[in-house]
Amino acid sequence: MGGKKDEDKAAFGKPVKYDPSFRGPIKNRGCTDVICCILFLLFILGYIVVGIVAWLYGDPRQVLYPRNSTGAYCGIGQNKDKPYLLYFNIFSCILETNIITAAENGLQCATPQVCVSSCPKASWTVGENQLSQTVGEVFYTQIGNFCLPGVPWDMQVSESLKQELCPSFLLPSTPALGRCFPWSNATTPELPGITGNISQGISGLIDSLNVRDISVKIFEDFAHSWYWILVALGVALVLSLLFILLLRLVAGPLVLVLILGVLGVLAYGIYHCWEEYQVLRDRGASISQLGFTINLSAYSSVQETWLAALILLAVLEGILLLMLVFLRQRIRIAIALLTEASKAVGQMMSTMFYPLVTFVLLLICIAYWAVTALYLATSGQPQYIFWAPNASLPSCEIVLVNTSCDPMAEPVNSSCPGLMCVFQGYLSTGLVQRSIFNLQIYGVLGLFWTLNWVLALGQCVLAGAFASFYWAFHKPRDIPTFPLSSAFIRTLRYHTGSLAFGALILTLVQIARVILEYIDHKLRGVQNPIARCIMCCFKCCLWCLEKFIKFLNRNAYIMIAIYGKNFCVSAKNAFMLLMRNIIRVVVLDKVTDLMLFFGKLLVVGGVGVLSFFFFSGRIQGLGEGFENPHLNYYWLPIMTSILGAYVIASGFFSVFGMCVDTLFLCFLEDLERNDGSLDRPYYMSKALLKILGKKNETPQGNKKGKEREVRP
């Protein structure tokens with residue numbers, strides 16, 4: 001048995017040899033993966049060029065601001081005091097198109113549109129006696145300036161309506177998305193030629209677009225509760241930090257309680273399945289009576305379902321009990337490593353706040369990509385064409401409708417009613433416009449690569465800091481003064497290429513997953529069951545591949561931080577080291593996952609419960625300064641607090657998880673590299689030495705208990 005075990009270990013490489021010059025993370029190192037570093041820097045340079053090109057040719061105002069019929073923007077430039085867009089005939093938008101089509105066209109529709117300073121507050125319809133009056137008498141002095149720019153004061157109202165220079169009716173409206181939309185309860189005027197349920201159309205449009213009231217209420221709730229949300233996030237930060245620091249005292253009992261809790265849940269599941277099985281067995285409910293059905297809930301009423309669940313839970317219970325019996329020493333090692341990780345975090349508290357640096361860098365990457373993509377999507381020169389509401393009239397036959405025009409010039413034939421030069425869109429005939437798709441693909445690749453590189457940087461920096469803790473023979477005396485900043489500078493200076501290499505491999509797999517998801521979404525309606533099964537298998541394989549690469553990269557970055565070798569060598573050494581200790585890897589991984597899951601549950605659940613009782617007003621008698629604010633939606637600050645608590649807990653526990661993984665790899669190398677002799681003492685803690693039944697030799701004449709002396 002022993003020979004077979006040694007042969008299996010030999011298949012995954014030879015143990016690490018003793019190196020008398022090794023004292024933790026190597027300081028005299030060189031640059032690694034230089035070619036990949038150069039490629040990454042050239043790619044970033046190209047990414048910057050793409051951003052500059054997008055900034056030069058893009059025009060995001062068409063997304064941020066509404067446009068009138070001439071293509072001018074509302075709220076800026078000459079229309080700075082007119083931020084809202086008014087549709088002359090909003091019903092043409094409702095009756096002739098749907099909300100999706102309107103949104104894709106920038107909410108443009110076949111009716112004149114004008115920028116206004118405020119939306120109409122009351123209903124108005126042109127009267128018979130007003131048709132003979134002038135535009136100045138009706139609109140400029142009574143109703144308001146809702147006509148197109150440049151309409152003469154002395155033009156008759158009838159002529160302005162004929163040419164669609166002024167609206168024939170107005171509805172009480174409210175601004176939403178920079179546009180004036182009618183109220184859902186507005187009284188609809190009687191207008192010839194308009195049929196259908198207009199009120200229902202307005203209601204649908206309001207339901208789809210008008211979120212002003214809700215957004216205002218949400219803003220008010222945040223304004224009244226933001227400081228209490230910050231208090232909840234502060235509580236989450238304190239709870240996360242306390243949980244990690246207290247693990248050095250309660251790691252063993254807590255893991256035992258969690259394992260017993262899992263055993264208890266499985267035992268109760270077995271008991272419940274047995275009770276249900278007995279009841280259904282006495283009734284004679286069998287799957288043969290039910291037959292095959294797609295209603296999955298129906299299977300809960302047959303005895304075979306509960307019998308299968310009982311067997312499955314019993315098998316899981318038995319496996320867990322056997323693991324506790326035969327792997328108890330490895331579980332003790334995992335607990336000791338958790339305790340040691342808590343001590344390491346306590347010695348280097350700055351590492352707990354490094355996720356803030358990662359968060360800022362990730363935010364910069366995402367913001368740069370979003371702005372670049374927006375500018376690219378809005379690149380091109382504006383194009384204007386002639387448009388008339390009824391081009392089939394005899395007076396409009398000589399007009400070339402849909403041909404290019406100049407919005408600043410007069411129409412070529414003013415006898416055509418409503419003829420105007422309107423904005424159609426942005427030209428896509430330029431070099432940049434023809435290359436938009438390729439540039440957007442480049443931007444997406446840049447987004448994934450930079451995000452993965454930032455995450456890799458954080459992992460490698462933390463690994464370097466925690467490795468310096470483990471390989472300090474006399475703790476805390478031998479720990480470097482600034483381990484985190486030293487690891488950060490060392491990683492950026494020497495290993496940018498290695499991080500880019502690992503991030504690129506992961507990026508390619510993620511891009512493949514995105515492409516596969518896109519193909520699956522496009523072909524979902526035409527696929528047969530076999531094709532869907534094949535697609536599901538491909539997606540599952542890529543998901544597993546991504547998880548494996550993330551695991552391999554994480555451990556490769558640890559080896560890079562310690563030894564300063566290139567990515568491939570580090571990944572190989574880490575993989576071989578882990579495979580030589582695969583059982584310890586599995587046990588530590590599961591124990592750590594269980595511990596961190598409980599920690600997140602404790603932090604998020606605690607903050608969620610406190611937020612619920614406070615914001616819902618269930619906590620009374622706290623005093624005048626601690627009264628809960630009056631909110632429109634009390635669940636809003638609760639959900640915000642829970643989400644923020646989860647983000648904070650994930651950030652803290654990701655650092656702790658990286659610490660555990662780093663100390664574990666160092667522990668495995670310590671076992672292979674050293675033997676406890678005077679020349680090769682172990683660096684691990686006394687608790688780990690005691691669990692393994694090992695000890696460091698002491699020179700003769702030393703007092704009992706002083707096992708660690710300065711190495712020669």
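Here, a residue is called buried when its relative accessible area is under 20%. Keep that cut-off in mind as you look at the close-ups below, which come from a predicted model.

**Figure 1. C119 and C180 are joined by a disulfide.** The first view starts with C119, where the relative accessibility is 4%, so this cysteine counts as buried. Its partner C180 is buried too, because its relative accessible area is 3%. The two sulfur atoms sit 2.0 Å from each other. C119 belongs to the loop between β2 and β3 (124-125), while C180 is part of strand β6 (residues 179-182), so the bond ties together parts that are 61 residues apart in sequence. The torsion about the S-S bond is about -80°, which means that the disulfide of C119 and C180 is left-handed. A disulfide is a covalent bond between the sulfur atoms of two cysteines.

**Figure 2. C74 is linked to C115 by a disulfide.** Here the S to S distance is 1.9 Å. Follow the chain and you will find C74 in the loop between α3 (61-64) and β1 (84-87), with C115 in strand β2 (residues 113-116). These two cysteines are 41 residues apart, and the pair links distant parts of the chain. Are C74 and C115 left-handed or right-handed in their link? With -80° about the S-S bond, the link is left-handed. C74 has 0% relative accessibility and so counts as buried. C115 comes to 4%, so C115 is buried as well.

**Figure 3. C147 and C166 form a disulfide.** The sulfur atoms of this pair are 2.0 Å apart. The torsion about the S-S bond is about 115°, so the disulfide of C147 and C166 is right-handed. C147 lies in the loop between α6 (135-143) and α7 (157-162), and C166 in the loop between α7 and β4 (169-170), so the bond ties together parts 19 residues apart in sequence. Both cysteines are buried. How many disulfides does the count come to? The count comes to three disulfides.

**Figure 4. C537 and C544 show cysteines without a disulfide.** Why does C537 have no bond to the closest cysteine sulfur? A disulfide needs sulfur atoms within 2.5 Å. The closest cysteine sulfur to that of C537 belongs to C533 and is 4.4 Å away, so the two are too far apart for a bond. C537 has 43% relative accessibility and therefore counts as partly exposed. C544 is likewise in no disulfide, with the nearest cysteine sulfur, that of C540, 4.2 Å away. The relative accessible area of C544 is 39%, so this residue is partly exposed.

**Figure 5. E546 is a buried residue of helix α18.** The helix around E546 spans residues 529-563. Is E546 buried or exposed? E546 has 8% relative accessibility, so the residue counts as buried. Which residues does E546 touch, not counting residues up to four places away in sequence? The answer is L506, V509, Q510 and R513.

**Figure 6. T496 is found in helix α17.** This helix covers residues 496-522. The side chain of T496 reaches the backbone oxygen of L492 at 2.8 Å. Leaving aside residues up to four places away in sequence, T496 touches C37, F40, W453 and T491. T496 is buried because its relative accessibility is 11%.

**Figure 7. I489 is an exposed residue of helix α16.** Helix α16 takes in residues 483-494. At 55%, the relative accessible area of I489 is high enough for exposed, because that word applies over 50%. V461 is 28 residues from I489 in sequence, and in space the two are 8.6 Å apart, C-alpha to C-alpha.

**Figure 8. A nonpolar patch lies on the surface.** The patch has an area of about 700 Å². Which residues make this nonpolar surface patch? They are L237, V238, L242, L246, L249, V250, F353 and L356. Helix α9 (residues 212-283) gives the most to the patch, with six residues. Take L246 as an example to find in the view: its place is in helix α9. L246 has 44% relative accessibility, so this leucine counts as partly exposed.

Definitions and conventions:
Residues are numbered from 1 along each chain as its sequence is written. This is a predicted model: local features need pLDDT of at least 70, side-chain atom pairs count only at pLDDT 80 or more; totals for chains, interfaces and linings use all residues. Side-chain values use heavy atoms; hydrogens and water are left out. Helices (H or I, at least four residues) and strands (E, at least two) are DSSP runs, numbered from the N terminus. Buried means under 20% relative accessible area, exposed over 50%, partly exposed in between (1.4 Å probe, protein chains only). Contact means heavy atoms within 4.5 Å. Patches are made of residues with over 30% relative accessible area and no salt bridge: like charges are joined within 9 Å, nonpolar side chains (Val, Leu, Ile, Met, Phe, Trp, Tyr) within 5 Å. Accessible areas come from the Shrake-Rupley method with a 1.4 Å probe; for residues, only the protein chains shown count as cover. A salt bridge is a side-chain nitrogen of Lys or Arg within 4 Å of a carboxyl oxygen of Asp or Glu. A polar contact is a pair of N or O atoms within 3.5 Å; within protein, one must be able to donate a hydrogen and the other to accept it, and residues adjacent in sequence count only if both atoms are side-chain atoms.
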